[in-house]
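Trainee: I am new to this structure and would like a close look at a single part, namely how its helices pack against one another. Could you take me through that slowly, and then place it in its surroundings?

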Amino acid sequence: MKYIELGKSGMEVPAIAVGCMSIGDRTFAEAEHFVQSALEMGCNFFEHADIYGAGRCERMFADAIHMSPSVREKIILQSKCGIVSGVMYDFSKEHILSSVDGILSRLKTDYLDVLALHRPDALVEPEEVAEAFDILQASGKVRHFGVSNHKSAQIKLLEKYIKQPIVCDQLQFSLTNAGMIQSGMEVNMETPGAADRDDSILDFCRLNDITIQTWSPFRYGFFEGIFIGSDKYPELNKVLNELAEKYAVSATTIAAAWILRHPAKMQLVSGTTKAFRLAEIVKATEITLTREEWYRLYLAAGHILP
Ligand SMILES: NC(=O)c1ccc[n+]([C@@H]2O[C@H](COP(=O)([O-])OP(=O)(O)OC[C@H]3O[C@@H](n4cnc5c(N)ncnc54)[C@H](OP(=O)(O)O)[C@@H]3O)[C@@H](O)[C@H]2O)c1
């Protein structure tokens, strides 16, 4: 396993985080086998949200990991709040505080290592977020704070009021969803990739020591499918398979290695619930793609170099 520093938290964390969004779809025996195998692979960073399976994923995880004080010491727990599914986004102080209480009780723990705000709330009052963060930090319920799907100016707005550093921004990123990279390479052009949809979040995070956590690292579109083995991406799969053969690994490993090769030192948030696939993803921490290979994959995914 390779370790990275999570923003300015002072915490060393595995470069591969185990996303638990789909764990609630598994039987208890499958979930138990998966999380115990993850621990054996050195994957002790688990990523949740209060809305995953309407709380079922956090509950299933706590049981599957056999949560106890000694287990808790060995793992790093992140969860997210701020979405009221299908209704609204809510960053009010009351909502943040009550969400954390729900998360802690489902995860059977008394603290989170990281709490992230899931999606920007149009009605955010940053003073209220600041109050909530202060209360959560003072009570010991949350150690570090982050965001998800936020652009630079939204982080700056929060940071005007909060005392704690934002340690991470969780964003969709993969070979096929690489807008963060495209806009930085097609600057001032009329090409579709030139569109800056995220307020130069990649550079902002690098400038401010905020770790980008990449969600849906193997999906294309917004939950449309997995690009590995997909007929929609013949050229990409050709190059993935060629490099997989060269390094004697799977195409999944190469797609993960592409993310880890970026010097921003992103944390890949994996979504698999299968131990064999997590092992393929962890293998990516042992591979450093060459510059030529990284760009070849980028082009094969359909992006351009002007
Ligand atoms: N912040 C946000 O807004 C946000 C949004 C979405 C997700 N997330 C977080 O990010 C995590 C990952 O997201 P995701 O689940 O969309 O990510 P993903 O790792 O790109 O997708 C994983 C899914 O693809 C399947 N899969 C099939 N073939 C695969 C292959 N060759 N390689 C890898 N996976 C393959 C996996 O199934 P198997 O289980 O069968 O392997 C799994 O269901 C989530 O668990 C959650 O923690 C955050």
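**How the helices cross**

Mentor: Helices α10 and α11 are oblique to each other, since their axes, for residues 251-260 in α10 and residues 275-283 in α11, cross at roughly 45°, a value that falls outside the range of 65 to 115 degrees counted as roughly perpendicular and is not under the 35 degrees needed for roughly parallel. Please keep in mind throughout that this is a predicted model. Two packed helices are described by the angle between their axes and by the distance between those axes, and for α10 and α11 the axes come within 7 Å. The crossing of this pair is right-handed, and the residues that make the contact are Thr252, Thr253 and Ala256 on the side of α10, with Arg277, Glu280, Ile281 and Lys283 on the side of α11. Sorted by class, the contact of α10 with α11 holds 2 nonpolar, 2 polar and 3 charged residues.

It helps to set the other two pairs beside this one. Helix α4 (residues 93-107) and helix α5 (residues 126-138) have axes that come within 8 Å and cross at roughly 30°, and because angles under 35 degrees count as roughly parallel, α4 and α5 are described as roughly parallel to each other. Here too the crossing is right-handed, with α4 passing α5. From α4 come Lys93, Ile96, Leu97 and Val100, which meet Glu128, Val129, Glu131, Ala132, Ile135 and Leu136 of α5, and this contact consists of 7 nonpolar and 3 charged residues, with no polar ones.

In the remaining pair, helix α1 (residues 28-40) and helix α2 (residues 56-64), the axes come within 9 Å and cross at roughly 65°, so α1 and α2 are roughly perpendicular to each other. The way α1 passes α2 is again a right-handed crossing, and the contact is formed by Phe28, Ala31, Glu32 and Val35 from α1 together with Met60, Phe61, Asp63 and Ala64 from α2. The residues of the contact between α1 and α2 divide into 6 nonpolar and 2 charged, with no polar residue.

As for the surroundings, the model also contains a closed barrel of 8 strands, in the order β3-β4-β5-β8-β9-β10-β11-β14, with parallel pairing, and the twist from one strand to the next averages 30°. Within that barrel, strand β11 (residues 211-215) runs parallel to strand β14 (residues 267-270) and is joined to β14 by 2 bridges, while threonine 214 has leucine 268 of β14 as its bridge partner. There is also a ligand, with 23 residues around it, of which Gly19, Met21, Trp215, Gly271 and Thr272 come nearest. The shell around the ligand is made up of 8 nonpolar, 11 polar and 4 charged residues.

How values were computed
Residues numbered from 1 in each chain as written. Predicted model: local features only at pLDDT ≥ 70, side-chain atom pairs only at ≥ 80, totals over all residues. Near = placed C-beta within 6 Å. Nonpolar A, V, L, I, M, F, W, Y, C, P; charged D, E, K, R; others polar. Axes fitted to C-alpha atoms, helices over the stretch in contact; angles between N-to-C directions. Helix = DSSP H or I, 4+ residues; strand = E, 2+ residues; numbered from the N terminus. Parallel < 35°, antiparallel > 145°, perpendicular 65-115°, else oblique. Left-handed = near helix turned anticlockwise from the far one by under 90°. Contact = placed C-beta atoms within 7 Å. Pairing = 2+ DSSP bridges.
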